[in-house]
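Me: I have a model open and some terms to sort out. Can we go through them one by one?

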Amino acid sequence: MKIGIIGTGYVGLPTGVGLAELGNQVICIDREPSKIEALKSGKLTIFEDGLEELFIKNVKSGNLKFTTSMKEGVCDADIVIIAVGTPPHPVTKEADMKYIHAAATELAEHLTGYTVIATKSTVPVGTGDDVEALISKKNPQADFDVVSLPEFLREGFAIHDFFNPDRIVVGTNTDKAAKLIKELYRPFDGKTNILFVKRRSSETIKYASNAFLAIKIHYINEMADFCEKAGADIREVAKGMGLDTRIGPRFLNPGPGYGGSCFPKDTMAMSYMARQNGIDMTLINSAIEGNRQRKKRMAQRILNSIKDIPNPKIAILGLAFKNGTDDCRESPAMEIIAELLNCNAEITAYDPKANDTAKKILGDKIKYSSDMYSAIENADVLAILTEWDEFKALDLTLASQKMKHLNIIDCRNLLDAHQAKLAGFNYSCIGQ
Ligand code: NAD
């Protein structure tokens with residue numbers, strides 16, 4: 001099949017690579033010339049485990065191409081996938097649809113023959129109708145259907161998730177489009193659930209799922225706060241809860257708050273959509289506010305540990321919003337660091353993959369190290385903010401020799417409390 005993908009970011013690129021690997025002819029389109037130039041010259045623009053190998057293979061075979069030209073990507077396509085960003089509107093916090101609307105308008109005039117337009121971006125209910133109307137207005141002759149194809153990949157596991165999806169949800173109001181999408185996903189037949197639903201249901205499934213997961217994280221974070229006061233251990237509590245198949249063990253790791261490019265914006269967008277429909281989603285609203293406060297409290301915890309030290313130096317391990325990715329959008333680390341900078345702290349940070357992406361957000365407000373041990377040199381406190389495996393191997397004896405004051409705030413529960421105390425640290429973690 002010929003597929004055009006509009007938007008070559010954290011979703012568009014792994015999707016393009018995956019679909020090319022399945023034997024489709026894929027053209028990834030992006031309006032950012034620097035991105036397309038980099039990809040054309042063989043350089044990946046994001047970090048994802050397993051992406052590089054498949055990217056090189058499929059570029060070589062000719063199955064995967066890149067362009068800035070909407071015409072080139074869309075004109076012969078059987079399916080055009082929209083994977084542009086839907087960031088929060090700066091004022092209302094609803095999903096900002098300007099990129100979706102622009103993509104729909106730009107692609108319309110290049111459609112030839114019957115084409116399915118599949119929206120992979122996370123979009124508010126009713127977007128399918130809007131995209132349909134925009135295309136018809138721009139090109140009344142166009143023969144097309146619009147389907148909702150929400151993306152459930154996890155950053156850091158995007159390639160794994162592409163080939164091993166928990167489920168594929170397709171929102172379509174026509175049999176003709178359903179038939180083409182069935183053909184696209186034929187390689188997954190019998191291997192996963194492929195759920196065909198109404199377009200509006202599909203759009204809702206994505207928000208309902210992300211909001212649920214955000215609430216689950218917020219819940220375990222609050223439970224961790226309780227454990228700290230009540231003398232319980234959240235690790236044991238989470239394990240005991242997770243063995244209940246109705247609850248399940250995943251998303252029960254307490255931490256500094258949820259972040260990333262999806263949960264914060266999708267909870268806010270869902271809350272906005274609910275209000276527009278006269279519904280007050282109290283659980284979601286409470287998670288949004290609780291999560292915001294949590295990051296402030298984490299920053300305060302770090303500052304409290306050094307409150308008597310003049311001109312303190314803070315070492316941060318972890319900048320990405322989670323392990324396995326270089327993505328720092330809405331990362332708890334970004335927000336915690338912003339709080340620390342407000343208090344004039346001197347910060348040196350290290351992330352195995354995200355130093356460069358963090359620099360685009362924080363600039364020179366902090367220093368960046370190329371390894372853990374140079375980051376903690378002379379530090380008065382070490383804060384662990386991302387759950388990279390590498391940090392688990394921190395040599396505590398060496399760390400105690402390098403740091404000026406022995407304070408660790410482990411917001412990811414990566415280190416062993418007993419070992420940290422043996423090495424002389426004041427060690428604080430979550431929910432224990
Ligand atoms: P991203 O910012 O990484 O990528 C979007 C890309 O679209 C950018 O490269 C941008 O230049 C390009 N673009 C914007 N308008 C364009 C246009 N008119 N023509 C061509 N290119 C255009 O965003 P992302 O993280 O890939 O997210 C994309 C969508 O997928 C969002 O709606 C997001 O909510 C959703 N989603 C993301 C994830 C995730 O883990 N990142 C998971 C599931 C769903």
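Reply: Start with strand S12 (residues 381–384) and strand S13 (residues 407–410): 3 bridges join them, and they run parallel. This is a predicted model, where local features need pLDDT of at least 70, side-chain atom pairs count only at pLDDT 80 or more, and totals for chains, interfaces and linings use all residues. Residues are numbered from 1 along each chain as its sequence is written, and side-chain values use heavy atoms, without hydrogens and water.

Me: Why are S12 and S13 called a pair?

Reply: Two strands pair if DSSP finds at least two bridges between them. S12 and S13 have 3 bridges, so they pair. In one bridge, Ile 384 has Asp 410 of S13 as its partner.

Me: What makes S11 and S14 edge strands?

Reply: The open sheet has 6 strands in the order S11-S10-S9-S12-S13-S14, with parallel pairing. Strand S11 (367–368) and strand S14 (426–428) each pair on one side only. A strand here is a DSSP run (E, at least two residues), numbered from the N terminus.

Me: Why does the ligand's approach to Asp 30 count as a polar contact?

Reply: A polar contact is a pair of N or O atoms within 3.5 Å; within protein, one must be able to donate a hydrogen and the other to accept it, and residues adjacent in sequence count only if both atoms are side-chain atoms. A ligand oxygen lies 2.6 Å from a side-chain N or O atom of Asp 30, so the pair qualifies.

Me: What distance separates Ser 261 from a nitrogen atom of the ligand?

Reply: A polar side-chain atom of Ser 261 is 3.4 Å from that nitrogen.

Note on methods
Helix = DSSP H or I, 4+ residues; strand = E, 2+ residues; numbered from the N terminus.
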